[in-house]
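Work through the following exercises with the sequence and the coordinates at hand. Each task is followed by a solution that proceeds step by step.

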Amino acid sequence: MSTEHNWPKGVFPARLIEQLSAEGSISTKRPFDADQVQPASLDLRLGDTAFRVRSSFLPGPSHSVAERIEALKLHEIDLTQGAVLERGCVYLVPLQESLALPATVSASANPKSSTGRLDVFTRVIGDRARGFDQMPAGYRGPLFLEVSPRTFPVLVRTGSRLSQMRFRSGDSRLNIAEHQALHAAQTLVIGGDRPVENGVSLSIDLKGQSRDGLVGFRSKRHTAVVDVDKKAGLDVLDFWEPITNRGSDELILDPDEFYILVSDEAVHVPPDHAAEMVPFDPLVGEFRVHYAGFFDPGFGHSAAGGTGSRAVLEVRSREVPFLLGHGQTIGRLIYERLAETPDRLYGTASGSNYQAQALKLSKHFKPYP
């Protein structure tokens with residue numbers, strides 16, 4: 001049982017996440033993996049069984065997730081030896097972690113960066129939840145992960161880590177004046193000239209900053225399986241079509257195709273802050289950014305091995321083709337204060353795959369070109 005005391009306000013860095021675990025606020029079926037606690041988030045691990053279900057759902061205030069699974073499941077899948085999750089299907093997987101949060105501590109979840117770059121749609125659900133990826137302060141109960149591969153079939157197994165969770169006490173988001181002051185002092189984005197208001201706007205690079213003018217990748221259909229736990233083993237051209245700038249600085253998104261693109265600006269997250277990417281405006285165009293939204297402290301920070309790291313964007317058009325132009329605003333970063341100075345930063349911690357990145361596919365693929 002967790003100990004009730006005055007938790008400091010802000011996003012919890014690794015030390016406080018480990019303290020939550022030590023006090024019983026985070027329970028696990030197996031001890032944490034050595035690199036499971038990230039600088040300001042906790043990776044969540046798949047359990048032993050996946051349930052193929054007829055549809056996505058929210059349990060609502062009157063039901064547990066297990067009750068909904070029992071009503072909607074088509075079959076059960078053993079993950080202990082590994083199993084393929086097919087594209088276009090919906091699966092619910094009990095996670096190895098469960099929560100008994102203190103009354104003042106809440107949690108939120110997001111896909112890991114590598115998950116988003118494979119277009120694997122994931123959302124964390126808790127018992128009697130009214131929303132996805134949000135655990136209210138004081139939540140006590142199991143955690144489940146909804147998994148729906150959209151582009152590639154994926155091989156997962158017990159212990160695979162597709163999502164991550166952040167813990168916080170109180171409202172730690174910066175207001176407009178605080179964003180402006182932090183940007184003036186520490187330069188949150190490099191290369192952009194947009195005003196800093198309620199967050200920092202990011203735009204899209206369609207000029208291509210490499211010598212070959214590479215601006216992104218479009219996924220192929222009918223590919224082989226991606227093993228989510230294997231790094232740098234897949235040939236890029238077996239899964240992706242490179243997109244280069246042919247002089248127009250524009251790109252037409254084809255309906256229901258998946259693209260990996262990159263921000264024109266480089267991002268910097270100071271060590272005493274974290275950040276989350278949110279949609280700029282859902283009304284600006286017929287496309288969506290399927291992003292893994294957490295940026296850990298130290299992302300793009302020089303002391304952690306970065307000199308500003310660009311944000312990789314996972315983009316999908318909706319029902320109609322849509323024209324994107326170079327410099328078009330596509331998202332914004334909201335910064336939050338950490339509850340205390342972290343003892344590790346992104347880029348210096350084990351498993352930091354995307355420090356100092358430019359345009360980069362997920363860790364599963366060999367370097368390109």
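**Exercise 1. Determine what share of the contacts between residues at least 6 apart in sequence joins residues at least 24 apart, and set this beside the overall make-up of the protein.**

Step 1. In this predicted model, 81% of the contacts between residues at least 6 apart in sequence join residues that are at least 24 apart.

Step 2. The secondary structure in which these contacts are set consists of 4 helices and 27 strands.

Step 3. Of the 369 residues, 54% count as buried, while the protein exposes about 15,300 Å², of which carbon and sulfur atoms supply 49%.

**Exercise 2. Find which residues of helix α1 are buried, and explain why they can be said to line one face of the helix.**

Step 1. Helix α1 covers residues 14–22, and its buried residues are Ala-14, Leu-16, Ile-17 and Leu-20.

Step 2. When one looks down the axis of α1, these buried residues fall within an arc of 165 degrees, and therefore they line one face of the helix.

Step 3. The elements against which the buried residues of α1 pack are β2, β3, β4 (41–45) and β14.

Step 4. After the helix comes Gly-24, which has a positive phi, near 95 degrees.

**Exercise 3. Identify the strands that pair with β5, and state in which sense they run.**

Step 1. Strand β5 (residues 49–53) is joined to strand β6 (residues 73–78) by 5 bridges, and the two run antiparallel; within this pairing, Thr-49 stands opposite Asp-78.

Step 2. Strand β8 (residues 90–100) also pairs with β5 in the antiparallel sense, here over 3 bridges, and Arg-52 stands opposite Tyr-91 of β8.

**Exercise 4. Examine the salt bridges of Arg-161, Arg-168 and Lys-207, asking in each case where the partners lie in the chain.**

Step 1. Side chains of opposite charge can pair when their charged atoms come close. With a limit of 4 Å between the side-chain nitrogen and the carboxyl oxygen, the count comes to 26 salt bridges.

Step 2. Arg-161 forms a salt bridge with Asp-35, their closest N and O atoms lying 3.0 Å apart. The pair links distant parts of the chain, since Arg-161 belongs to strand β14 (residues 161–169) and Asp-35 to the loop between β2 (26–28) and β3 (37–38), 126 residues apart. Asp-35 has 26% relative accessibility and so counts as partly exposed.

Step 3. Arg-168 meets Glu-336 in a salt bridge with an N to O distance of 2.9 Å. This pair, too, links distant parts of the chain, Arg-168 being in strand β14 and Glu-336 in strand β27 (residues 329–337), 168 residues apart. Arg-168 is buried, with a relative accessible area of 11%, and Glu-336 counts as buried at 2% relative accessibility.

Step 4. Lys-207 and Asp-249 meet in a salt bridge at 2.8 Å, N to O. Because Lys-207 lies in the loop between β16 (200–203) and β17 (214–219), and Asp-249 in the loop between β19 (240–244) and β20 (250–253), the pair ties together parts that are 42 residues apart in sequence. Lys-207 counts as partly exposed, at 43% relative accessibility.

Step 5. Salt bridges that share partners join Asp-33, Asp-35, Asp-43, Arg-45, Glu-97, Lys-112 and Arg-161 into one network.

How values were computed: Residues are numbered from 1 along each chain as its sequence is written. This is a predicted model: local features need pLDDT of at least 70, side-chain atom pairs count only at pLDDT 80 or more; totals for chains, interfaces and linings use all residues. Side-chain values use heavy atoms; hydrogens and water are left out. Buried means under 20% relative accessible area, exposed over 50%, partly exposed in between (1.4 Å probe, protein chains only). Contact means heavy atoms within 4.5 Å. Accessible areas come from the Shrake-Rupley method with a 1.4 Å probe; for residues, only the protein chains shown count as cover. The arc is that of the directions from the helix axis to the C-beta atoms. Two strands pair if DSSP finds at least two bridges between them.
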